[in-house]
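User: I'm new to this structure and would like a close look at one part of it. Could you walk me through the aromatic rings and what surrounds them?

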Amino acid sequence: LAVVDPNRDGYITLQEFMAFMISRETENVQSRDEVEEAFRSLTKEGAKEYITKEELYANLSKEQADYCAQTMPPYYTKSGQQVQDAYDYSGFTQQLFQK
């Protein structure tokens, strides 16, 4: 319980839960490329440069998908057009590995 509730207040906030889940999910991750490949594999074609909101919710828990949808930057094409309900998982993983 101390790992999930680090401030020991007897309650687990969404932020505490997400931090715990991310640490568990990424403990064996060695590189940014592995995280990107994991997101890429969740896309319908397995090769898209973005992941859709629908794909996030179809493959992750609601809490994880909510976190990604709120945190991931929107995806823009090379010509600068935003793709509706699409997220830039490459930019997201770059942000994660800079921390």
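Analyst: Searching the whole structure, which is a predicted model, turns up four aromatic pairs. Let's begin with tyrosine 50 and tyrosine 75, whose ring centres are 4.9 Å apart with 35 degrees between the planes, a tilted arrangement. This pair links distant parts of the chain, 25 residues apart: tyrosine 50 sits in the loop between α2 (32-42) and β1 (51-52), while tyrosine 75 belongs to strand β2 (residues 74-76). How buried or exposed is each partner? Tyrosine 50 has a relative accessible area of 22%, so it counts as partly exposed. Tyrosine 75 has 11%, which is under the 20% cut-off, so tyrosine 75 is buried.

Now to another of the pairs. The rings of tyrosine 67 and phenylalanine 92 have their planes at 70 degrees and their centres 6.4 Å apart; because that angle is over 60 degrees, the pair is edge-to-face. Here, too, parts of the chain that are 25 residues apart in sequence are tied together, because tyrosine 67 lies in helix α4 (residues 62-71) and phenylalanine 92 in helix α5 (residues 89-98). Tyrosine 67 is partly exposed at 24% relative accessibility, whereas phenylalanine 92 is buried, with a relative accessible area of 4%. Both rings also belong to one aromatic cluster, made up of Phe39, Tyr67, Tyr89 and Phe92.

Two members of that cluster, Tyr89 and Phe92, are among the buried residues of α5, together with Gly91 and Thr93. What do these buried residues of α5 pack against? Their partners are α2, β1, α4 and β3. At the N-terminal end of α5 there is a cap: aspartate 88 places a side-chain oxygen 3.2 Å from the backbone nitrogen of serine 90.

One of those packing partners, strand β3 (residues 82-87), holds aspartate 85. Most residues other than glycine have a negative phi. Aspartate 85, however, has a positive phi, near 55 degrees. With 43% relative accessibility, aspartate 85 counts as partly exposed.

Finally, a word on confidence. The average pLDDT of the chain is 81, and 76% of the residues score at least 70. Strand β2, home of tyrosine 75, has the highest confidence in the chain, at 97. The lowest is found in helix α1 (residues 14-26), with a mean of 61. Where pLDDT is low, the predicted coordinates should not be read in detail.

Technical notes:
Residues are numbered from 1 along each chain as its sequence is written. This is a predicted model: local features need pLDDT of at least 70, side-chain atom pairs count only at pLDDT 80 or more; totals for chains, interfaces and linings use all residues. Side-chain values use heavy atoms; hydrogens and water are left out. Rings of Phe, Tyr and Trp (its six-membered ring) pair if their centres lie within 6.5 Å; planes under 30 degrees apart count as stacked, over 60 as edge-to-face and the rest as tilted. Helices (H or I, at least four residues) and strands (E, at least two) are DSSP runs, numbered from the N terminus. Buried means under 20% relative accessible area, exposed over 50%, partly exposed in between (1.4 Å probe, protein chains only). pLDDT is the predictor's confidence in each residue, from 0 to 100. Contact means heavy atoms within 4.5 Å. A polar contact is a pair of N or O atoms within 3.5 Å; within protein, one must be able to donate a hydrogen and the other to accept it, and residues adjacent in sequence count only if both atoms are side-chain atoms.
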